[in-house]
Amino acid sequence: MMAASMTTAALQQLPLWSDAATDAGWRVRRSRRARRLGARVFRDGSVEIVVPLGASARQVAGFVDRHRAWIERHRQRAPRVDLRFPPPGIELPALGERWQCEPGPESGARRGYVRAIGGIGGGVLQLQRGAGEAALRSALREWLCERARQALEPQLAQLAADFGLQYRRVQIRRQRTRWGSCSALGTISLNCCLLFHRPAVVRYLLVHELAHRTHMNHSARFWGLVAHYEPDWRACDRELVSGWDRVPGWVL
């Protein structure tokens, strides 16, 4: 029997698919934050198996066997979007913005850079000419996080003031499994990927996290408070849960 705690290399050698299926597009990610095994199917049809620390090979293989039908069904439904990088453009529905990506001036800097030229409704993103793909990906992600900070922090503050709720601070992150969270100390974390959702869905998520400042659970009282501020929360929640396919591959 294999040891319970495994290295990433060992996990990647697990038989996650049948002999009849291709192994292309499958990957395994060990996560310190994960509390249970999980599977995600991305817009390009690729599959990620999220494995918590301490999971055994038998547990991972059993999980994949039990959920293989679900995974394959969602792989077939995946839109198989164009994953060329850099993207020709970026659309942020939460802000009503469209940004066209163009090569910018060459620079001797090793880090890639993104220069935004525009205003209301979007504009042009100049990407450093000659920079490596990894550097440009990092720069685009930093730009997205900063754009999310500029847009979401004021919106959260205004909602908190309107509802008479308080929080300690807000942080913008680029997460793979959570759209937002609220700690017991009052720190609200928001995923920069929220910018790929409709404004109504983003507002619901902000209301959701603010409601946790009164109820640090998902009790009936919590949902009652959410419904008080956002009557259409159920539809927004369904859209949010199924919304990872709206996030471009380069972000994650």
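This passage walks through the fold, the cores and a few selected residues of a predicted model.

The overall picture comes first. The secondary structure of the protein consists of 6 helices and 10 strands. Of its 252 residues, 44% count as buried. Among contacts between residues at least 6 apart in sequence, 55% join residues at least 24 apart. The accessible surface of the protein amounts to about 13,900 Å², and carbon and sulfur atoms account for 49% of that area.

The interior can be described through its nonpolar cores. The largest nonpolar core has 54 residues, and the members that touch the most others are Ile90, Leu125, Leu144 and Leu190. Helix 3, spanning residues 133-163, gives the most to this core, with 11 residues. Another core, of 11 residues, lies apart from it and includes Val28, Ala55, Phe63 and Ile71. Returning to the largest core, the surroundings of Ile90 can be listed in full. With neighbours within four places in sequence left aside, Ile90 is in contact with Glu97, Arg98, Trp99, Cys101, Leu125, Leu140, Trp143, Phe196 and Trp250.

The strand pairing around Ile90 is worth following on the structure. Strand 4 (residues 89-92) pairs with strand 5 (residues 97-106) in the antiparallel sense, over 4 bridges. The two strands form a hairpin with 4 residues between them, and in its turn Gly96 has a positive phi of about 65°. Within this pairing, Gly89 stands opposite Gln100 in strand 5. Strand 5 also pairs with strand 7 (residues 122-129), here in the parallel sense and over 7 bridges. Gln100 takes part in this pairing as well, with Val124 as its bridge partner in strand 7.

A second hairpin is found earlier in the chain, at strand 2 (residues 38-41) and strand 3 (residues 47-52), which pair in the antiparallel sense over 4 bridges. Here 5 residues lie between the strands, and Gly45 in the turn has a positive phi of about 90°. The side chains of strand 2 alternate: Gly38 and Arg40 point to one face and are buried, whereas Ala39 and Val41 point to the other face and are not. The buried Arg40 has Glu48 as its bridge partner in strand 3.

Among the helices, helix 4 offers a good example of a covered element. It runs over residues 199-211, and its 13 residues reach 18 Å from the first C-alpha to the last, close to the 18 Å expected at 1.5 Å a residue. Helix 4 is mostly covered, with 10 of its 13 residues buried. The buried residues are Val201, Val202, Tyr204, Leu205, Leu206, Val207, His208, Glu209, Leu210 and Ala211. Their cover includes helix 3, strand 9 (180-182), strand 10 (187-191), helix 5 and helix 6.

Two loop residues make contact with this helix. His197 lies in the loop between strand 10 and helix 4. His197 is buried because its relative accessible area is 0%, under the 20% cut-off. Beyond residues up to four places away in sequence, His197 touches Pro93, Ala94, Trp179, Val202, Glu239, Leu240, Gly243 and Arg246. Val202, one of these partners, is also among the buried residues of helix 4.

The other loop residue is Glu230, found between helix 5 (220-229) and helix 6 (233-241). With a relative accessibility of 11%, Glu230 counts as buried. Its contacts, again not counting residues up to four places away in sequence, are with Arg203, Tyr204 and Val207. The side chains of Glu230 and Arg203 are joined by a polar contact of 2.7 Å. Tyr204 and Val207, which Glu230 also touches, both belong to the buried set of helix 4.

The final stretch of the chain is represented by Val251, in the segment after helix 6. A relative accessible area of 0% is why Val251 counts as buried. Not counting residues up to four places away in sequence, Val251 touches Arg141, Leu144, Arg174, Cys193 and Phe196. Leu144 is one of the residues that touch the most other members of the largest nonpolar core, and Phe196 is also a contact of Ile90. Val251 and Glu142 are 109 residues apart in sequence, while their C-alpha atoms are 9.9 Å apart in space.

Terms used. Residues are numbered from 1 along each chain as its sequence is written. This is a predicted model: local features need pLDDT of at least 70, side-chain atom pairs count only at pLDDT 80 or more; totals for chains, interfaces and linings use all residues. Side-chain values use heavy atoms; hydrogens and water are left out. Buried means under 20% relative accessible area, exposed over 50%, partly exposed in between (1.4 Å probe, protein chains only). A polar contact is a pair of N or O atoms within 3.5 Å; within protein, one must be able to donate a hydrogen and the other to accept it, and residues adjacent in sequence count only if both atoms are side-chain atoms. Contact means heavy atoms within 4.5 Å. Accessible areas come from the Shrake-Rupley method with a 1.4 Å probe; for residues, only the protein chains shown count as cover. A nonpolar core is a set of buried Ala, Val, Leu, Ile, Met, Phe, Trp, Tyr and Cys residues joined through side-chain atoms within 4.5 Å. The expected span of a helix is 1.5 Å times one less than its number of residues. Two strands pair if DSSP finds at least two bridges between them.
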